[in-house]
Each structure stands twice: as C-alpha cells, then as structure tokens.
Amino acid sequence: SMERMERQLEALMLNMNTPDLVISTEMSIGMRWNNGLPNEADPREILDTLPGKLSERLGALAAKYGIYFIPGSMYEYSEAPGHPALYNAIPIFSPRGELIDVYRKMCPYYPAEEFVTPGDRYVVLDIPEKGIKVGVMNCHDWSFPEISRNLTLMGAQLLVRPALDPEGLYDIYRSMAQTRAVVGNDEGFRAVGVGA
C-alpha cells in the first residue's frame, strides 16, 4: 500500500495546480484485517507504532512535496499504560515531514472493529499559511454529532473524514456533510465536511 500511495502522490504532484493538503482513505496504510489480527500473530512484529517506520516514510513524502499530509489510517500498536492497545490511527504530517499529531478513532465500528481500542481526544490541525483549522475524524466517528460539534468548538472550519465506507452506506452518509455543517454553525462554520 505504501508503494501505491507513493505512486499516486507523485502523479498528483505532477499537475500544474498542486494541493497544500492531501488526504487519503481509512486503512490505506499498512495491513488490514476484517476480523482482528490473525490468531497466531504477535502485533509487535507485524504492526507499527506512531512514531515508527511507516511514519518516517510518510513524513519523508510530506517533506518531499511540502504538503500537509493526512495519509489515511492504519492499525497502530501501542503499549498503553497497563495493557497493549490496537488503534485505528491517523497520523498527521507537516510540510517539513514532522509527525505533528495522531488522531485515534473514537468510535470504532462494532462488531467489525471490536478489537480496536477507542481514542480519547479530539484533534484539530492548524494550517497557518491558509488561516484555517481542520478537524480530523475517522469514518464511523461521523455518526456521532458530538464529535463534529466538539471539533468546531475547538475552532475547526473544515472537517475531514477518511473513510472506508462500503457502497451500501453511501446513500446513508450522503446528507451527513450538510448535517454536520449545520450542527457546527454557531460561530460561522465556513466549510462543509468532506468524506474521502
């Protein structure tokens, strides 16, 4: 998946007009399983941490193209205090290639993600060159209005939502962007959320 992402990003950046922010889809980085890890697998041997090897490679891409980079999500293994945890995590990179934050999906989609540990904090990315703040969600988080509401209360003017929506959910989520914009409209919420 990394080689495919590198090729696609290179093709995107060959265009005359290049983006300042690039976002990919949920689970676009590394390995993916529909029902958790293989039974015999040791997560420390097959999953990465953040920061880790994958984030170094992704950061190098952000620096190469001078972009803010939200490359989608990955399974992140973490030795949480007292117990190991597996997150559906979205690393966020600066144009200098720095890992500036990590958003961990707060509302895993059960039962498909029953092995995923919920995240515990909101993430708003400041892009000072554009004078905008971007709130980050992950797929099923979109279904909970308090997440988009809290992001807008933290100053987010644009909501991004990498997603791995099956085709059947498209019609259900079609009106969600407008709905979330209305929910966050107290202070002139300027942009409608976009699902990748």
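## A briefing on strands, cores and salt bridges

Strand β7 is largely enclosed by the rest of the structure, because four of its five residues are buried. This is a predicted model, so please read the contacts and angles below in that light. The tour starts at β7 and its neighbours, moves on to β4 and β5, then takes in the nonpolar cores, helix α1, one buried serine and the salt bridges.

**β7 and its two partners**

- On one side, β7 (132-136) pairs with β6 in the antiparallel sense, and five bridges hold the two strands in register.
- Within that pairing, Ile127 has Ile132 of β7 as its bridge partner.
- The two strands β6 and β7 make a hairpin with four residues between them. In the turn, Gly131 has a positive phi of about 65 degrees.
- β7 also pairs with β8, this time in parallel, through three bridges.
- Here Val136 finds its bridge partner in Val160 of β8.

**β4 and β5**

- β4 is another mostly covered strand, with nine of its eleven residues buried.
- β4 and β5 run antiparallel and are joined by five bridges.
- One of the facing pairs is Ile90 and Tyr103, the latter in β5.
- The hairpin of β4 and β5 has five residues between the strands, and Gly97 takes a positive phi near 90 degrees there.

**The nonpolar cores**

- The largest nonpolar core has 24 residues, and those that touch the most other members are Ile70, Ile92, Leu125, Val136 and Trp142.
- Strands and helices both supply this core: β2, β4 (83-93), β6, β7, α4 (145-153), β8 (158-161) and α6 (176-183) each give two or more residues.
- A second core, separate from the largest one, has 20 residues, among them Leu9, Met13, Met74 and Phe93.

**Helix α1**

- The twelve residues of α1 (residues 2-13) should span 16 Å at 1.5 Å a residue, and the end C-alpha atoms are indeed 16 Å apart.
- The buried residues of this helix are Met2, Met5, Leu9 and Met13.
- Seen down the axis of α1, these buried residues fall within an arc of 60 degrees, so they line one face of the helix.
- The face turned away from the buried side of α1 carries the exposed residues Glu3, Arg7 and Gln8.
- Among the elements that cover the buried residues of α1 are β1 (21-23), α3 (53-65) and β2 (68-70).
- Two of the buried residues of α1, Leu9 and Met13, also appear in the second nonpolar core.

**A buried serine**

- Ser73 sits in the loop between β2 and β3 (74-80).
- Ser73 has 0% relative accessibility, so it counts as buried.
- Leaving aside residues up to four places away in sequence, Ser73 touches Thr25, Glu26, Met27, Ser28, Ile29, Asn88, Ala89, Ile90 and Asn138.
- Ile90, one of those contacts, is the residue that stands opposite Tyr103 in β5.

**Salt bridges**

- The structure holds seven salt bridges.
- Glu6 and Arg57 meet through their side chains in one of them, at 2.8 Å from N to O. This pair links distant parts of the chain, with Glu6 in helix α1 and Arg57 in helix α3, 51 residues apart.
- Both ends of that link are partly exposed: Glu6 has a relative accessible area of 24%, and Arg57 is at 36% relative accessibility.
- Arg96 and Glu98 form a salt bridge at 3.1 Å, N to O. Arg96 is exposed, with a relative accessible area of 59%, whereas Glu98 counts as partly exposed at 37% relative accessibility.
- Arg121 and Asp101 form another salt bridge, and their closest N and O atoms are 2.2 Å apart. The pair links distant parts of the chain: Arg121 lies in the loop between β5 (99-104) and β6 (123-127), while Asp101 lies in strand β5, 20 residues apart.
- Arg121 is partly exposed, with a relative accessible area of 37%.
- Glu26, Lys105 and Glu113 are joined into one network by salt bridges that share partners. Glu26 is also among the residues that Ser73 touches.

Note on methods: Residues are numbered from 1 along each chain as its sequence is written. This is a predicted model: local features need pLDDT of at least 70, side-chain atom pairs count only at pLDDT 80 or more; totals for chains, interfaces and linings use all residues. Side-chain values use heavy atoms; hydrogens and water are left out. The expected span of a helix is 1.5 Å times one less than its number of residues. Buried means under 20% relative accessible area, exposed over 50%, partly exposed in between (1.4 Å probe, protein chains only). The arc is that of the directions from the helix axis to the C-beta atoms. Contact means heavy atoms within 4.5 Å. A salt bridge is a side-chain nitrogen of Lys or Arg within 4 Å of a carboxyl oxygen of Asp or Glu. A nonpolar core is a set of buried Ala, Val, Leu, Ile, Met, Phe, Trp, Tyr and Cys residues joined through side-chain atoms within 4.5 Å. Two strands pair if DSSP finds at least two bridges between them.
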